[in-house]
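I sat down with this one today and kept a running log of what I looked up. Here are my entries, in the order that made sense to me.

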Amino acid sequence: QRTIWGSPFLRRALPITVIVNFALAPVNLLDVAWVRQVLHLGAFVYGLFGMAILVGMLAGSALASVVARRVSLRAALTFGIGIAGLCIIGLSRVPLAVPDLAFLAGFGLCIGSVNTMVAVSLQRAVPDAVRGRVFGTLSAFSNMAMPLAGLLTGLVAGAVSLGAIFAAAGALLAASSVLVVGLPSDLATVEVAEAALPSGA
């Protein structure tokens, strides 16, 4: 894993992706419970929740190139992750369908933009020779975060309110924006990591 640890960008990208996935797990697992138990609504509104996130993510992905031209990479990721977390906190504090749909659309917009910019930056930072292994490592760590967060969510869901769980997830997501400190300010300045030897990637 020398390629990852030897690159300041990749060293920060790994914990960011892990924490983001960890923070999103409670939202993915408990959104249906939020609609039924807190909002006291049915499948139609639950479908709208998923649609709001999807539309937001598509819009965020489409706008990522515009954002990247106008705002530094560091600022875009910091504000994108931070605002996404605040949207989840907002949802946890306002148990009303229409505001919650707006919060989810804003969340999707931020995550869609962040995901696109991080993906482009990773493509730039990782040499072709080790790209598969580096991406596989990043994916393995980020995917491991989901079941671990799901287990923790299941353990506390019976003792803690849904609002508190969502607020904690949003706070963790927003706090993870501090990990962006030290990233390059511009996508063009993302360094290309030195490729590890075949035996050490």
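Before anything else, I fixed the term I lean on throughout: a contact means heavy atoms within 4.5 Å. With that in hand, I looked up Gly163: leaving aside neighbours within four places in sequence, Gly163 is in contact with Trp34 and Ser92. I also reminded myself that this is a predicted model.

**Entry 1: confidence**

I checked the confidence before going further. The protein chain has an average pLDDT of 84, and 88% of the residues score at least 70. I then noted a stretch to treat with care: residues 192-201 have a pLDDT below 50. In the model this stretch still has 25 contacts beyond near neighbours in sequence.

**Entry 2: the overall layout**

How many helices and strands are there in the protein chain? I found seven helices and zero strands. Read along the sequence, the pattern is α-α-α-α-α-α-α.

I looked up burial next: of the 201 residues in the protein chain, 42% are buried. I also checked how far along the sequence the contacts reach. Taking contacts between residues at least 6 apart, 85% of them join residues at least 24 apart.

**Entry 3: H4 against H5**

I turned to helix H4 (residues 73-93) and helix H5 (residues 97-125), whose axes come within 8 Å and cross at roughly 155°. Angles over 145 degrees count as roughly antiparallel, so H4 is roughly antiparallel to H5. The contact draws on residues of H4 including Leu73, Ala76, Leu77, Gly80 and Ile81, and on residues of H5 including Asp100, Phe103, Leu104, Gly106 and Phe107. Further along, I noted Cys87 and Ile88 among the H4 residues in this contact, and Cys110 and Ile111 among those of H5. Sorted by class, the contact of H4 with H5 has 17 nonpolar, four polar and one charged residues. For the handedness, I wrote down that H4 passes H5 in a left-handed crossing.

**Entry 4: H4 against H7**

Which way do H4 and H7 run relative to each other, parallel or antiparallel? I found the two helices packed at an angle of about 170°, with their axes 7 Å apart. H4 and H7 are therefore roughly antiparallel to each other.

On the H4 side I listed Ile81, Gly82, Ala84, Gly85, Leu86, Ile88, Ile89, Leu91 and Ser92. They meet Gly163, Phe166, Ala167, Gly170, Ala171, Leu173 and Ala174 in H7. By class, I have 11 nonpolar, five polar and no charged residues for the contact of H4 with H7. I noticed that Ile81, Ala84, Ile88 and Leu91 are among the H4 residues that touch H5, and they are also among those that meet H7.

**Entry 5: Ser92 and Gly163**

I zoomed in on one pair from that contact. Ser92 lies in helix H4, and Gly163 is found in helix H7 (residues 162-175). The two are 71 residues apart along the chain, yet their C-alpha atoms are separated by 4.6 Å.

Is Ser92 buried or exposed? Its relative accessible area is 5%, so Ser92 is buried. Gly163 is buried too, with a relative accessible area of 11%. Not counting residues up to four places away in sequence, Ser92 touches Trp34, Gly163, Phe166 and Ala167. Trp34 therefore turns up in my notes for both residues: it touches Ser92, which is buried at 5%, and it is in contact with Gly163.

**Entry 6: H2, H3 and the loop between them**

Trp34 led me to helix H2 (residues 8-38), whose axis comes within 9 Å of that of H3 and crosses it at roughly 140°. That angle makes H2 oblique to H3, and the crossing is right-handed. Asp31, Val32, Trp34 and Val35 in H2 meet Val45, Tyr46 and Phe49 in H3. The contact of H2 with H3 has six nonpolar, no polar and one charged residues.

I then looked at the loop between H2 and H3, where His40 is found. His40 has a positive phi of about 55° although it is not a glycine. With a relative accessible area of 61%, His40 is exposed.

**Entry 7: Val66**

My last lookup was Val66 in helix H3 (residues 43-70). Val66 is partly exposed, with a relative accessible area of 30%. From C-alpha to C-alpha, Val66 and Ser113 are 9.8 Å apart in space, and they are 47 residues apart in sequence.

Technical notes: Residues numbered from 1 in each chain as written. Predicted model: local features only at pLDDT ≥ 70, side-chain atom pairs only at ≥ 80, totals over all residues. Heavy atoms only, no water. Axes fitted to C-alpha atoms, helices over the stretch in contact; angles between N-to-C directions. Helix = DSSP H or I, 4+ residues; strand = E, 2+ residues; numbered from the N terminus. Parallel < 35°, antiparallel > 145°, perpendicular 65-115°, else oblique. Left-handed = near helix turned anticlockwise from the far one by under 90°. Nonpolar A, V, L, I, M, F, W, Y, C, P; charged D, E, K, R; others polar. pLDDT = per-residue confidence, 0-100. Buried < 20%, exposed > 50% of the residue type's maximum accessible area, 1.4 Å probe, protein only.
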